[in-house]
Every structure is written in C-alpha cells, then in structure tokens.
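Me: I'm new to reading protein models and would love some company. Could you take a close look at one part with me, the paired strands, and show me how they sit in the whole chain?

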Amino acid sequence: MEKSEAERLLKRAQEAFDAEEWQQCAQAYELVLAHYPEERRSGIWWYDAALAYKFLRDWPKAYELGREAAARATRGENDPAFWNLGIAATILREWEVARDAWEGYGIPMPEGEGPVDVDGAFGMACVRLETDGAFEVVWARRLCPTRAQVVNVPFTGGRRFGEIVVHDGEPKGERVFQGRSVSVFDELVLFEPSPLPTLTVTVNAAEADDIDALVELFADRDFGAEPTSGFVLHCACCSEGSIEYEGSSVHAGAQEVALAAPEEDARLLLDQWAGEAAIGRSWSGLQLVG
C-alpha cells in the first residue's frame, strides 16, 4: 500500500470515527495497520480500531486489536489502551490478560488466577442497565475495575438482584447520597445472571422502621427487598448529570415492595416479619414478576 493510499484511509477512518460509523472506522484502520503496524502513530490507530470494535460490542476483535494497542502503550501511566483491553479480556474470560491489563493501567492486582474478586476494594458504583432500549440506574458492588454485582431489586423486567454486569470505565453521571458522590457507569454486558426471581408483595407497616426491618431481614439471607416508592423516573439528560438524594423514601402504611428471593423463602420471611410485631404488620398478594 502506498503512503498516499494509507493517508486517504486514515482520513476516512477519522471521519467515520467522528460520525460514529464504527464498522467503517475499524475496517479502514485495519487496512492501514496490515501494511503499517509499527509506524510512529500506529499505537493510536490500534487503539482507535479496538475502541471502534468495543462500541460495536465485537469483543473478540476488541480483544485482538486491544492487545496490539496495549503492547505499544506505556505501562503504569493510566493509558486507556490497558483499560479497554481489561474490559474485553474480562468479557471473554481471558483472566491472565485481564489481570495484566489492570496492572498495565496502574491498578495493583492481588496474587492468584481467574477472575478478580476483591469485594469492597473497589467500592460502590451505580450502573445504568440497558434492556431492550430501556434504562435503569441501580446500585452495585464493584468486584473489580469493570465487574459489579447489582444490589438493588431492578424494576425493569428481566433484570435481577445479584446479577453481575460488566460496565464501562467512563462515568456517565453521578449520584450523591449523604454527601458522598458515586459515579454512574453504562452497562456493557450481562456477565452472570442471578438465580433469584423477582416478586412483588403488598405490605402494611405501622411505622417506617417496620419497612427497614423487612429490608434487613431479607438482606441477612442475601436476598433483596425494596419499596417501589424508591423508584424515580428521570429524563436521559438528568440521568447523565448529578442527582442528589436527600434521604430515604421509606414510609409507613400500605405499599408495594419488590423482593428477590425464592417464593417459598419469601413467604417464610414475610410471615416471620409480620409475626415479630404484635400489631401493624401484614402482607398480601405475593406474586412472581420476573
């Protein structure tokens, strides 16, 4: 390939990148890289091509080209080539490469093999789940730089408490609770589904503390319970901005609660909860929703 043809393809690739035409972008870069893999700027081309495949959710190609980009990046300096490789390697369960990518980015990894599961070390995050064009922001416990376990009971059909997702590394919004800011990341893939079904139940509580007690009772069994009053709709613009929560939405009275537990366990725990108070606690209408 002549240099002039390569320059023409590079211009086409950049124009396609700016227009978010990811397939055309990646293909143009690959044509150039097949002939000029080690030019001074080739590290950038490898990175942009891998990034285009990431946007296409073509993880094998994002992984293949991402390894080339990372091989030309400087280790330990937070180069995004390592982060994107870490994502692709995680999704493909290439754990040795994923661990090395996080180290290359500058994040120390614990010794061992297989997936990184450092519960608590990466803190909490919010993840914007995407299901058939519908979006819902949930709280999640980060297991590694890109995997997180959902700790809310999602209201979106088909999503479940306890599932593990892979999220992007670029924050798209923040949530502020009790003065603490937490980033919102977009979901990339559902990594591991949860076996816990979602149920709804109508409960009656004499005090707001009664609802807190129900939530804690389910949490003690590693199940989920969440009043649906906590679900708030936001437009896309607001969702990607900063939203501050002033306090709990828990209240007394009759209300719907979403549960994540096997139905038999849910019935036993609801009975236990109702029986722990002489008056004021009751439940009815337990049903499976997803």
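What share of the contacts in the protein chain with a separation of 6 or more is between residues 24 or more positions apart?

Reply: Happy to help! This is a predicted model, in which local features need pLDDT of at least 70, side-chain atom pairs count only at pLDDT 80 or more, and totals for chains, interfaces and linings use all residues. Residues are numbered from 1 along each chain as its sequence is written, and side-chain values use heavy atoms, leaving out hydrogens and water.

To your question: of the contacts (heavy atoms within 4.5 Å) with a separation of 6 or more, 59% are between residues 24 or more positions apart.

Now for the strands. The protein chain has nine helices and 10 strands; these are DSSP runs numbered from the N terminus, with helices being H or I of at least four residues and strands E of at least two. Two strands pair if DSSP finds at least two bridges between them. Start at β3, residues 147-150, which runs antiparallel to β4, residues 164-177, with three bridges joining them. You can find one contact point by eye: Gln-149 has Ile-164 of β4 as its bridge partner. Then move on to β5, residues 180-192, which is antiparallel to β4 and joined to it by nine bridges. Here, Arg-175 stands opposite Val-182 in β5. As you follow a strand, it helps to know that in a regular strand the side chains alternate between the two faces of the sheet.

Let's step back to the whole chain. The C-alpha atoms fill a box of roughly 85 × 40 × 35 Å along the principal axes. Of the 290 residues, 45% are buried, where buried means under 20% relative accessible area, exposed means over 50%, and partly exposed lies in between (1.4 Å probe, protein chains only). Cys-25 counts as buried because its relative accessibility is 0%, and Cys-126 is buried because its value is 0%. With a disulfide defined as a pair of cysteine sulfur atoms within 2.5 Å, the count comes to zero.

Two loop residues make a nice contrast. Glu-20, in the loop between α1 (3-18) and α2 (22-33), has a positive phi near 60° although it is not glycine. Glu-20 counts as exposed because its relative accessible area is 56%. Asp-222, in the loop between α7 (208-219) and β7 (224-227), also has a positive phi, near 65°, and is not glycine either. At 62% relative accessibility, Asp-222 is exposed.
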